[in-house]
2 protein chains.
Amino acid sequence: VNIFLYALMDAGAAAFLRGNLENCSLHWADKLALRPEDEARFQACSVCFGNVPAKWLARHPRLEWLQLESVGFEYYHGHEWSLTHPNLRVTNLRGVFDSPAAETAVAGLLHFVRGLNLLVPAQAHNAWDPSGIRAQSGLLADAQVIILGFGSVGRRVRRLLEAFGCSVRSFSRRDPEAEIKDRTALDAALPSADVLIGCLPHTSETEGMLDRRRLALLPPQAYLVNIGRGSLIDEAALRESLTSGRLRGAVLDVTREEPIPEDHPFWTCPNLLLTQHSAGGSSGELRAKAQFFVANFRRYEAGTPLLNLVSLQQGY
Amino acid sequence: VNIFLYALMDAGAAAFLRGNLENCSLHWADKLALRPEDEARFQACSVCFGNVPAKWLARHPRLEWLQLESVGFEYYHGHEWSLTHPNLRVTNLRGVFDSPAAETAVAGLLHFVRGLNLLVPAQAHNAWDPSGIRAQSGLLADAQVIILGFGSVGRRVRRLLEAFGCSVRSFSRRDPEAEIKDRTALDAALPSADVLIGCLPHTSETEGMLDRRRLALLPPQAYLVNIGRGSLIDEAALRESLTSGRLRGAVLDVTREEPIPEDHPFWTCPNLLLTQHSAGGSSGELRAKAQFFVANFRRYEAGTPLLNLVSLQQGY
């Protein structure tokens, strides 16, 4: 099997792939320093690991399997893949980012709830003020939480918060287990939320879902966390809410512009913690991605159904 | 019943006590602005809520019940209370601080593990560096954790960390459920710990337990959290470990000196987060303390066993 390796790898992860794909021809590309011949090398492969440019994929209808190195894949929208690539199977990395993303969501929430947003600057000024900090601290225990999205990250966040004693409701239009099934019910629930967490992909439906009107339904003690996609939120409205105290705090892992430009107003927005799209990552992530690809490749070889099949059309 | 109210209260908590202790004579003292007659007023009461000075207690052998407003009570050590106050029952607030203390312990851990210690200063400098942060981030999932102490806070921390997927062992010489039962076993376990959490009271046994030799048994990727009492740790050895990178990070809620003096080296110690003895607190804590006292007072009135009986001699 000719495999095109376009995913970001380090030496350890690359060695793991080499050691576990001994009978394959591995064709490596450095996505950060592409060479003119790389697309032709891709065209010669039937399997690809990594999010190759959409135009490369459009010009290679014989590709059999594309293993994405991400969960989201909005950059492939806008092409009728099912018509031009009828035999292509696409899989994503759903599950690989669950623990890191959920842990960063909880880390960011606790940063505000337990007063670390006050303690860190107090430490920089040698300022002892435990009673002031205690008076401004809250608890996750007993908090009312709404999680937008019931995918694997949203489920993982939910399990963690339930362990803290939070009362959690999930929003999903598709999942029968979700307590909140449509936007009317969501609007009715938002005024009682202490915490709202976005774990949704970017689609035409989620774009701008947290608009000015909906953000204003949250009570002033509420915290907002977004670890899905930045397109979910009206960012100007969010900044105004945080600046005026209409919202207590926000943790954004994702933003409409990434990288966030150096002069972007988010950098200095009060009561905002930017986690810089680091939530899905950890020092072990490249190895974890490589392990997932190898496990799925065993299925490809054996002809058993691949894990994490997705539809490039539908966006999930 | 004459009740002496020496606990710190706010208007809401005081109103709650008045509303729920209508048949009692309430004698309020402002512990932050004591008057000369306050000790005599205390002597006239049979019940006290709040940690009155040890010398007041020594001079009032007729007190029937002292409800402490804390869990720890090391300031009453050094007196043979069982001989001089044979009819005194003492209860503490075990349980009231479990959630806040455990949440701050997890908040502080996640601050380091998920790279918020890098993200917060990066935000102050408008510096976008997700890949650098991802490469330096870890996960609580699968971490090897040792918790010193198996009281109610230690158990609560354990439950939270197990929800994250940590593998937790508890150290207790007394509790049969603890996996680590003596210091020899602890020393053998420390080299494999990713996280060590102190949840021990101050006693002659715990004083200096984490001495230089024992701290050096931790591996360099380990994090140390202390939400028990500051006397547990050799603080000079800890500072050296954090400064030299012999230990990856520490979260101290408690220190040997509190308040921490303005010129104390801890303020500027690298890889150290000071939570300033705020871990047990929250904006709802005074109300929670008042509620516990009223619930225990109902038992006192009814002659049923009081909750949370402790021995001032034994220190737990």
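Modeller: In this predicted model, Lys and Arg count as positive, and Asp and Glu as negative.

Biologist: What makes up the charge count of chain A, and how far apart are the mean positions of the two signs?

Modeller: Chain A has 32 positive and 34 negative charges. Their mean positions lie 3 Å apart.

Biologist: Why is chain A called as compact as a globular protein of its length?

Modeller: Set the value against the rule. The globule rule is 2.2 Å times the number of residues to the power 0.38. For 316 residues it gives 20 Å, and the radius of gyration of chain A is 22 Å. The two are close, so chain A is as compact as a globular protein of that length. The chain holds 12 helices and 12 strands. Its C-alpha trace spans about 65 × 45 × 40 Å along the principal axes.

Biologist: What share of chain A is buried?

Modeller: Buried means under 20% relative accessible area. By that cut-off, 55% of the 316 residues in chain A are buried. Chain A exposes about 12800 Å², and carbon and sulfur atoms supply 52% of that area.

Biologist: Why is strand β6 of chain A called largely enclosed by the rest of the structure?

Modeller: Strand β6(A) covers residues 144–148. Of its 5 residues, 4 are buried, so the strand is largely enclosed.

Biologist: How do you know that β6(A) pairs with strand β7 of chain A?

Modeller: Pairing needs at least two bridges. β6(A) and β7(A), residues 167–171, are joined by 5 bridges and run parallel. That meets the cut-off, therefore they pair. In this pairing, A:Leu148 stands opposite A:Phe171 of β7(A).

Methods. Residues numbered from 1 in each chain as written. Chains lettered and ligands numbered in written order. Predicted model: local features only at pLDDT ≥ 70, side-chain atom pairs only at ≥ 80, totals over all residues. Heavy atoms only, no water. Helix = DSSP H or I, 4+ residues; strand = E, 2+ residues; numbered from the N terminus. Buried < 20%, exposed > 50% of the residue type's maximum accessible area, 1.4 Å probe, protein only. Areas by Shrake-Rupley, 256 points an atom, 1.4 Å probe, with all protein chains shown as cover. Charge placed at Lys NZ, Arg CZ, Asp CG, Glu CD.
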